[in-house]
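Hi everyone, thanks for making time for this. I'd like to walk you through one model, so please have a look at the screen, and then we'll start from the inside and work outwards.

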Amino acid sequence: MNMMTSFVPNQPSTTAPRHMGAPTREDRRTVTAGPAGTLWTVAAEHLGGDATDWEIAREWPRWHQHNLSRIGPDPARLRSGTVLRIPPPSVP
């Protein structure tokens, strides 16, 4: 008999390296938007798999502001292949 258990996620650690200002991925200066890319997905990928929705929601507008000249005023107009500059770490 195979019994399934409920998935209960672990609460993010407040001492995670990203909360302490450490780089979240290899030290890069740019990323390229993919075919179905949004600023939400770009920010989420940059933050890593442990990022919460709240953290992503805080980050994607920073990406837009930092790349305003590359994206334009409408963040929904991000085009595939756009090379985005990674914003500097935010101050908690």
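So, the largest nonpolar core in this predicted model has 14 residues. The residues with the most contacts inside this core are Val31, Leu39, Val42, Ile56, Trp63, Leu78 and Leu84. Two elements, α1 (39-47) and α2, each give two or more residues to this core. And which of them gives the largest share? That is α1, with 5 residues.

Let me stay with α1 for a moment. The buried residues in α1 are Leu39, Val42, Ala43, Ala44, His46 and Leu47. What covers them? The cover for the buried residues of α1 includes β1 (30-32), α2, α3 and β2. Just after the helix, α1 is followed by glycine 48, and the phi of glycine 48 is positive, near 105 degrees.

Now pick out isoleucine 56, one of the core residues with the most contacts. If we leave aside neighbours within four places in sequence, isoleucine 56 is in contact with Trp40, Ala43, Ala44, Leu47 and Ala51. Two of these partners, Ala43 and Ala44, are among the buried residues of α1.

Let me zoom out for the overall picture. The protein chain has 3 helices and 2 strands, and along the sequence the pattern reads β-α-α-α-β. Of the 92 residues in the protein chain, 27% are buried. If you take the contacts with a separation of 6 or more, 49% of them are between residues 24 or more positions apart. As for the outside, the accessible surface of the protein chain is about 7000 Å², and carbon and sulfur atoms account for 55% of that.

Next, the charged pairs. How many salt bridges does a search of the whole structure find? The search finds 2. As a reminder, side chains of opposite charge can pair when their charged atoms come close.

One of these bridges joins glutamate 59 and arginine 62, with the closest N and O atoms 2.7 Å apart. Both residues sit in helix α2, 3 residues apart, which is about one turn of the helix. Is glutamate 59 buried or exposed? Its relative accessibility is 6%, so glutamate 59 counts as buried. Arginine 62 has a relative accessible area of 23%, so this partner is partly exposed.

The other bridge is between the side chains of aspartate 74 and arginine 77, at 3.9 Å from N to O. Here aspartate 74, at 35% relative accessibility, counts as partly exposed, while arginine 77 is exposed at 61%.

Let's move on to the loops, and first to asparagine 67. Where does it lie? Asparagine 67 is in the loop between α2 (53-66) and α3 (68-71). With a relative accessible area of 0%, asparagine 67 is buried. A polar atom of the asparagine 67 side chain lies 2.6 Å from the backbone nitrogen of arginine 85. Apart from neighbours within four places in sequence, the contacts of asparagine 67 are Leu84 and Arg85, and Leu84 is also one of the core residues with the most contacts.

Then there is the loop between α3 and β2 (83-85), where we find alanine 76. Threonine 82 is in that loop too, and so is proline 73.

Take threonine 82: at 14% relative accessible area, this residue is buried. A polar atom of the threonine 82 side chain is 2.7 Å from the backbone oxygen of arginine 79. Beyond its neighbours within four places, threonine 82 is in contact with Val31, Thr32, Ala33 and Arg70.

Proline 73, by contrast, is exposed, with a relative accessible area of 75%. Even so, proline 73 is in contact with His64 and Leu68, again leaving aside neighbours within four places in sequence.

Alanine 76 is exposed as well, at 68%. The C-alpha atoms of alanine 76 and leucine 39 are separated by 8.0 Å, although the two residues are 37 apart along the chain. That brings us back to the core, where leucine 39 is one of the residues with the most contacts.

That's my tour, and I'm happy to rotate the model to any of these places. Thanks for listening!

Definitions and conventions:
Residues are numbered from 1 along each chain as its sequence is written. This is a predicted model: local features need pLDDT of at least 70, side-chain atom pairs count only at pLDDT 80 or more; totals for chains, interfaces and linings use all residues. Side-chain values use heavy atoms; hydrogens and water are left out. Helices (H or I, at least four residues) and strands (E, at least two) are DSSP runs, numbered from the N terminus. Buried means under 20% relative accessible area, exposed over 50%, partly exposed in between (1.4 Å probe, protein chains only). A polar contact is a pair of N or O atoms within 3.5 Å; within protein, one must be able to donate a hydrogen and the other to accept it, and residues adjacent in sequence count only if both atoms are side-chain atoms. Contact means heavy atoms within 4.5 Å. A salt bridge is a side-chain nitrogen of Lys or Arg within 4 Å of a carboxyl oxygen of Asp or Glu. Accessible areas come from the Shrake-Rupley method with a 1.4 Å probe; for residues, only the protein chains shown count as cover. A nonpolar core is a set of buried Ala, Val, Leu, Ile, Met, Phe, Trp, Tyr and Cys residues joined through side-chain atoms within 4.5 Å.
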